[in-house]
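Trainee: Please take me through this model, and say each time how a label is earned.

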Amino acid sequence: MLYPELDTPCVVIDEAKVDANIEAFQRYCDLHGIQVRPHIKTHKLPYLAQKQLDVGAKGITCQKIGEAKVFADAGFDDILISYNIVGAAKLERLRALAARVRSPAVVADSAAVLDGLSAAFADSGLSLDVLVECDTGAGRCGVQSPEQAAELAARVQQLPGLRLRGLMTYPAAYNEARVQQWFSEATALCEARGIELEVFSSGGTPSMWHAHEAPVVNEYRIGTYVYQDRSQVAAGACGEDDCALAVLTTVISVPAPGRVIVDAGSKALTSDLLGQDGYGQVVGYPAARVRSLSEEHGILDFGACASLPVVGDRLLIVPNHACPVSNLFDEVHFCRDGKLSHSRQVDARGKVR
């Protein structure tokens with residue numbers, strides 16, 4: 001039986017694969033002169049963030065102030081929050097966090113966001129670094145043109161309490177040429193205004209091995225690479241053997257030929273599809289399909305498999321998307337060589353504000 005000491009469903013992480021994933025990308029970035037700023041929203045564990053720093057990462061990226069506070073409490077002092085921070089309550093929390101952190105930074109993509117940041121920091125005695133967020137094609141947040149980026153960069157320099165660090169983007173995958181063009185145009189416009197930019201920050205796991213194709217980029221924010229997942233295998237970022245995180249689940253019913261029911265539903269396996277057929281890959285059964293999920297049931301199709309598990313058997317399922325799975329469990333379990341080594345609380349779980 002797989003990991004008989006664990007109750008299911010639960011998350012099992014192969015720590016040797018985690019270490020290999022972290023070290024491989026750090027070597028790649030060192031080779032190309034790129035600073036790694038890992039995004040901790042994937043694992044939410046100071047334990048793993050420290051591993052990332054130990055091999056050479058510059059600092060960490062968080063998505064919300066609540067995440068950042070957990071990591072500040074754990075002693076991390078170089079934190080970028082790559083999210084527009086809006087509203088008095090959040091700005092008050094950000095100011096309190098910045099007072100404890102050696103190198104705090106945020107992003108902004110509008111004058112409204114910048115004005116709020118400046119009002120919160122102008123008379124605080126603190127200085128907050130800001131990166132202008134640029135939409136280079138992913139269609140999420142970000143200014144829409146290099147001209148707007150230069151205008152917003154100039155505004156940062158005019159506002160008290162703020163210091164311009166550079167430009168930031170979360171691009172569409174395999175869009176390095178567009179990032180290079182976009183950042184280069186914005187840099188030229190900034191230089192024409194006498195504005196110097198230090199950091200050009202990009203990111204994303206799917207095209208991680210192509211980061212050097214945008215040589216202007218000198219910082220890379222990356223999250224999923226630490227675990228990898230089924231969507232990243234499909235994107236070409238890794239192989240199946242690189243996937244370190246899986247959900248351990250028990251077969252609770254085999255009610256009809258080829259239909260296998262497990263105790264991992266949408267509360268254990270993310271409902272994210274990310275273009276995949278089904279909701280995960282059953283380890284050791286390449287022809288099996290995680291056909292559908294309800295809250296507490298996973299419905300697996302084993303119709304194309306030569307053998308069928310029975311009630312009580314345990315299966316490992318690699319999820320489509322590892323990041324939300326981390327937020328579904330209070331703790332995760334690390335293993336080496338197929339044996340449980342230690343368990344850890346997911347310290348930043350549920351920090352959505």
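Trainee: Which residue is the bridge partner of Gln281 in strand 15?

Mentor: Val318 is the bridge partner of Gln281. Keep in mind that this is a predicted model, in which local features need pLDDT of at least 70, side-chain atom pairs count only at pLDDT 80 or more, and totals for chains, interfaces and linings use all residues. Residues are numbered from 1 along each chain as its sequence is written, and side-chain values use heavy atoms, with hydrogens and water left out.

Trainee: What makes strand 12 and strand 15 a pair?

Mentor: Two strands pair if DSSP finds at least two bridges between them. Strand 12 (residues 280–282) and strand 15 are joined by three bridges and run antiparallel, so the condition is met. The strands themselves are DSSP runs (E, at least two residues; helices are H or I, at least four), numbered from the N terminus.

Trainee: How many bridges link strand 10 and strand 15?

Mentor: Four, with strand 10 (residues 245–256) antiparallel to strand 15. Thr250 stands opposite Arg314 in strand 15, and Leu248 stands opposite Leu316. Leu248 is also the bridge partner of Cys10, a contribution to the four bridges that join strand 1 (residues 10–14) to strand 10 in the antiparallel sense. Strand 10 further has three bridges to strand 11 (residues 259–262), again antiparallel, with Ser253 opposite Ile261. In the hairpin of strand 10 and strand 11, two residues lie between the strands, and Gly258 takes a positive phi near 85°.

Trainee: Why is strand 15 called largely enclosed?

Mentor: Buried means under 20% relative accessible area, exposed over 50%, and partly exposed in between (1.4 Å probe, protein chains only). Six of the six residues of strand 15 (residues 314–319) are buried, so the strand is largely enclosed by the rest of the structure. Arg314, Leu316 and Val318 point one way, Leu315, Ile317 and Pro319 point the other way, and all are buried.

Trainee: Is Lys44 buried or exposed?

Mentor: Lys44 is buried, since its relative accessible area is 7%, which is under the 20% limit. Lys44 is found in the loop between strand 2 and helix 2 (46–54). Leaving aside neighbours within four places in sequence, its contacts (heavy atoms within 4.5 Å) include Glu67, Phe71 and Asp347. Set against that Gly239, in the loop between helix 8 (230–235) and strand 10: its area is 30%, so Gly239 is partly exposed.

Trainee: Why is the pair of Phe71 and Phe76 called edge-to-face?

Mentor: Rings of Phe, Tyr and Trp (its six-membered ring) pair if their centres lie within 6.5 Å; planes under 30 degrees apart count as stacked, over 60 as edge-to-face and the rest as tilted. The structure holds nine aromatic pairs. For Phe71 and Phe76, the centres are 5.5 Å apart and the planes stand at 65°, so this pair is edge-to-face. Both Phe71 and Phe76 are buried.

Trainee: What is the pair of Phe183 and Phe200 called?

Mentor: Tilted: the distance is 5.8 Å centre to centre, with 50° between the planes. Phe183 lies in helix 7 (residues 176–192) and Phe200 in strand 8 (residues 199–203), so the pair ties together parts that are 17 residues apart in sequence. Phe183 is buried at 0%, and Phe200 is buried at 9%.

Trainee: How do you know that the charged end of Arg344 sits over the ring of Tyr47?

Mentor: A charge sits over a ring if NZ of Lys or CZ of Arg is within 6 Å of the ring centre and within 35 degrees of the ring normal. The charged end of Arg344 is 3.7 Å from the ring centre of Tyr47. The charged end of Lys64 sits over the ring of Tyr83 too, 4.9 Å from its centre.

Trainee: Which strands stand at the edges of the open sheet?

Mentor: The sheet has eight strands in the order 2-9-8-7-6-5-4-3, with parallel pairing. Strand 2 (35–36) and strand 3 (60–62) each have a single partner strand, so one side of each is left without a neighbour in the sheet. Inside that order, strand 6 (residues 128–134) and strand 7 (residues 162–169) pair over seven bridges in the parallel sense, and Glu133 has Met168 as its bridge partner.
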